Amino acid sequence: MRYSEEDLLPISALQHLVFCERQWALIHLEGSWAENRLTAAGRVMHERVHSGEAETRREVRVTRGLALRSLTWGLIGKADVVEFHRVEEGEFQPGEAARLPRHAGWWIPVPVEYKVGKPKLERCDEVQLCAQALCLEEMLGVKVPRGELYYGKTCQRHEVLISEDLRRETAEAIARLRDLTEGKKQPRGRFDQKCEACSLRDLCQPRLAVRGRSVASYVEALFDPRQEGGTA
Ligand code: SF4
């Protein structure tokens, strides 16, 4: 199946969805956004990364803000950085390296995603990177075996293998994203550790959704005199 241009979903939505479905719904269905210290620092970091010129350092060609698209997976987005590592004939498996316009030789693409914080418990950053790899594979006609995540808090790069497990996880997240987008469902928030740093906490009110209650039903109950604790 091939998706049309108007059916493409943003890769960033995938990252939000895997981090927290409620956060995805607030941003991508309701158009909500709130800046906090982390999101502001992230915005500045991405502006800096994207504003740099393409450059070639020794055997590595660095491109910034590369537009990504996959009609097979139905995704669209932008890569912070894609490095192309030059390899010689015989140094790579068939289908691993691509030709680049105006650059001699063979090149292996490595997507690099920049994050302001530190590695997370959730696999949202890995899934986002894998989605970028899937787009690059379709655009360049090669297999992308690995990418890297850079975390500003630790100032470290982490290698991420684009393994079969990660590809499966990403495919499942893409299918879930499409289902929720088409169904326009509003997943409930559930308070947990990640909520502490979430810029949408005030809008989401995850503590009100305890015991499976939605915000709407909680507020309704507050004003219902028949219920214990209701406000007459
Ligand atoms: S506050 Fe928690 S539940 Fe609500 S959107 Fe943020 S991470 Fe998700």
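**Notebook: ligand shell and nonpolar core**

I started with the ligand and sorted its shell by class: seven residues are nonpolar, two are polar and four are charged. The model is predicted, and I keep that in mind throughout.

I then listed what surrounds the ligand. The shell has 13 residues. Cys20, Gly189, Cys195, Cys198 and Cys204 are the closest.

Next I asked which elements supply the shell. H2 and helix H6 (201-204) each provide at least two residues. H2 has the largest share, with three residues.

I checked the domains too. Domain 1 (5-186) and domain 2 (188-232) each contribute at least three residues to the shell around the ligand.

I moved on to the largest nonpolar core. I noted 44 residues in it. Leu14 and Ala131 touch the most other members. I wrote down the elements that give two or more residues to this core: helices H1 (11-19), H2 (21-29), H4 (124-140) and H5 (164-183), with strands E4 (75-87) and E6 (103-115). H4 gives the most, nine residues.

Where does this core lie with respect to domain 1 and domain 2? Both domain 1 (5-186) and domain 2 (188-232) give residues to the core, so it lies between them.

Last, I looked up the contacts of Leu14, setting aside neighbours within four places in sequence. Leu14 is in contact with Val127, Gln128 and Ala131. I also found Ala173, Ile174 and Leu177 among its contacts. Ala131 thus appears twice in my notes: as a contact of Leu14, and with Leu14 as a residue that touches the most other core members.

Technical notes: Residues are numbered from 1 along each chain as its sequence is written. This is a predicted model: local features need pLDDT of at least 70, side-chain atom pairs count only at pLDDT 80 or more; totals for chains, interfaces and linings use all residues. A nonpolar core is a set of buried Ala, Val, Leu, Ile, Met, Phe, Trp, Tyr and Cys residues joined through C-beta atoms within 7 Å. A residue is buried if 20 or more other C-beta atoms lie within 10 Å of its own, exposed if 12 or fewer, and partly exposed in between; C-beta atoms are placed from the backbone. Helices (H or I, at least four residues) and strands (E, at least two) are DSSP runs, numbered from the N terminus. Domain bounds come from an automatic or database domain assignment. Two residues are in contact if their C-beta atoms, placed from the backbone, lie within 7 Å. A residue is near a molecule or strand if its C-beta atom, placed from the backbone, lies within 6 Å of it. Ala, Val, Leu, Ile, Met, Phe, Trp, Tyr, Cys and Pro count as nonpolar, Asp, Glu, Lys and Arg as charged, and the others, Gly among them, as polar.
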